[in-house]
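Here are my notes after a pass through the model, as promised. Have it open beside you while you read, and shout if you see something else.

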Amino acid sequence: MPPRTLRPRPVRLGPLEMTGRARGHVVEVASLPRTFLQPAAAAALLRMRAAAARAGIDLMPCSSFRDFDTQVRIWNEKWTGRRTVLDRQSRPLDPARLAPARRVAAILVWSAPPGASRHHWGSDLDVYDRAALPPGAPLALVPEEYGPAGPFARLTAWLDEHLERFGFYRPYATDRGGVQPEPWHLSHVASAREASRRFRLTTLREAIASAPLEGRAALLEGLEGIYARYVRAVDPPPAARARRPTTSRRKSPGKKRLKRHSRA
Ligand SMILES: [Zn+2]
């Protein structure tokens, strides 16, 4: 049973929460290292983790809620080359050799602009199988690790079969021309629904306009296209997935609710 403090409660997300500049919508998952999520997502994660453990998988989050300042730091480190920037084939490239607009595009392949990361919502997280990570090997978060020949092949197969049952799905399962497929990135459908509906280009523009961000002018210049391609172009959650967040509640989905849920 999840602790009392993790019991799902309704969460309101305003512009500050949706862009990671406030964190009133998340709670700390005390039993996991540095894990912050909306209460419903946290409870669902713990249920899924327990089920995975029974299959011999140590399902761990390596990233959950991330605040705006952290995303700014990641962005700035990639812009200046202090953090590795990978191309679409996961090969390192030198951002200093790229003109501003191309540098923005290169970073966006793997990183959301500050304010636009789904990790701000407290509904999304990255996971790996701690037990399958080779000793001493760092977690790289590249697709090969999660593919059929990678250490997390079994995790991938288990998630394929079970993640919907716990209310999760993969928003970056397929290449839609923006963010690369991220088999490690899961989203708790019910927790992401409100932000997904209410997030606007203006929400993002307002957050970025005053941020201490390298390449801000180039980012703002292309923001409309970036918003469409990197923020909106995600795989939609199938309506039915949001209907089964718990194991204890088993109602058949009413037509009205299904309709509402399909508009994510
Ligand atoms: Zn992620």
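1. Start at Pro-61, which sits opposite Val-127 in β6. This is a predicted model, so take what follows as a reading of a prediction. The pair belongs to an antiparallel match between β3 and β6 (residues 124-129), held over four bridges. As a reminder, strands of a sheet pair through backbone hydrogen bonds, either parallel or antiparallel.

2. Zoom out to the whole sheet. It is open and has four strands, ordered β3-β6-β8-β7, with antiparallel pairing. β3 (59-63) and β7 (168-169) are at the edges with a single partner strand each, so one side of each has no neighbour in the sheet. Going inward, β6 and β8 run antiparallel and are joined by three bridges, with Leu-125 partnered by Leu-186 in β8. β7 and β8 also pair in the antiparallel sense, over two bridges, and there Tyr-169 stands opposite Ser-187 in β8.

3. How covered are these strands? For β6, mostly: five of its six residues are buried. In β8 (185-188), both faces are covered. His-185 and Ser-187 are buried on one side, and Leu-186 and His-188 on the other. That split fits the usual pattern: in a regular strand the side chains alternate between the two faces of the sheet.

4. Two helices are worth looking at against the sheet. α2 (residues 39-54) packs on it and touches β3, β6, β7 and β8, with its direction at about 140° to that of β3. α7 (residues 189-198) lies across β6, β7 and β8 and runs at about 80° to β8.

5. My favourite residue here is Leu-125, in strand β6. Why does Leu-125 count as buried? Because there are 28 C-beta neighbours inside 10 Å, and the cut-off for buried is 20 or more. Leaving out residues up to four places away in sequence, Leu-125 touches Leu-37, Leu-45, Pro-61, Ser-63, Ser-64 and Leu-186. Trp-184 is 59 residues away from Leu-125 in sequence, yet their C-alpha atoms are 8.1 Å apart.

6. Leu-45 is a good next stop. Setting aside neighbours within four places in sequence, Leu-45 contacts Val-29, Leu-37, Pro-61 and Leu-125. Leu-45 is also one of the residues that touch the most other members of the largest nonpolar core, which has 40 residues; the others are Leu-37, Ala-42, Ala-44, Met-48 and Phe-168. β2 (36-37), α2, β3, β6, α6 (153-162), β7 and α7 each give two or more residues to this core. α2 gives the most, with nine. The general background is familiar: in soluble globular proteins, nonpolar side chains tend to be buried together.

7. Don't miss the other core. A second, separate one has 24 residues, including Ala-116, Leu-219, Tyr-230 and Val-234.

8. Now α8 (residues 201-209), where Thr-203, Leu-204, Ala-207 and Ile-208 are buried. Why do these four end up on the same side of α8? Because they span an arc of only 120° around the axis. The textbook version: an α-helix has 3.6 residues a turn, so residues three or four places apart point the same way. The face of α8 turned away from the buried side carries exposed Thr-202 and Ala-209. Among the elements covering the buried residues of α8 are α1 (15-18), α3 (68-80), α9 (216-221) and α10 (223-232).

9. Compare α4 (residues 100-108), whose buried residues are Arg-103, Val-104, Ala-106, Ile-107 and Leu-108. Yes, there is an arginine in that list. The cover over the buried residues of α4 includes α3, β4 (85-86), β5 (92-93), α9 and α10.

10. Some chain-wide numbers to finish. The protein chain has eleven helices and eight strands, and buried residues make up 42% of its 264 residues. Of the contacts between residues at least 6 apart in sequence, 69% join residues at least 24 apart.

Technical notes: Residues numbered from 1 in each chain as written. Predicted model: local features only at pLDDT ≥ 70, side-chain atom pairs only at ≥ 80, totals over all residues. Buried ≥ 20, exposed ≤ 12 C-beta atoms within 10 Å, placed from the backbone. Arc of directions from axis to C-beta. Contact = placed C-beta atoms within 7 Å. Pairing = 2+ DSSP bridges. Axes fitted to C-alpha atoms, helices over the stretch in contact; angles between N-to-C directions. Core = buried A, V, L, I, M, F, W, Y, C linked by C-beta atoms within 7 Å.
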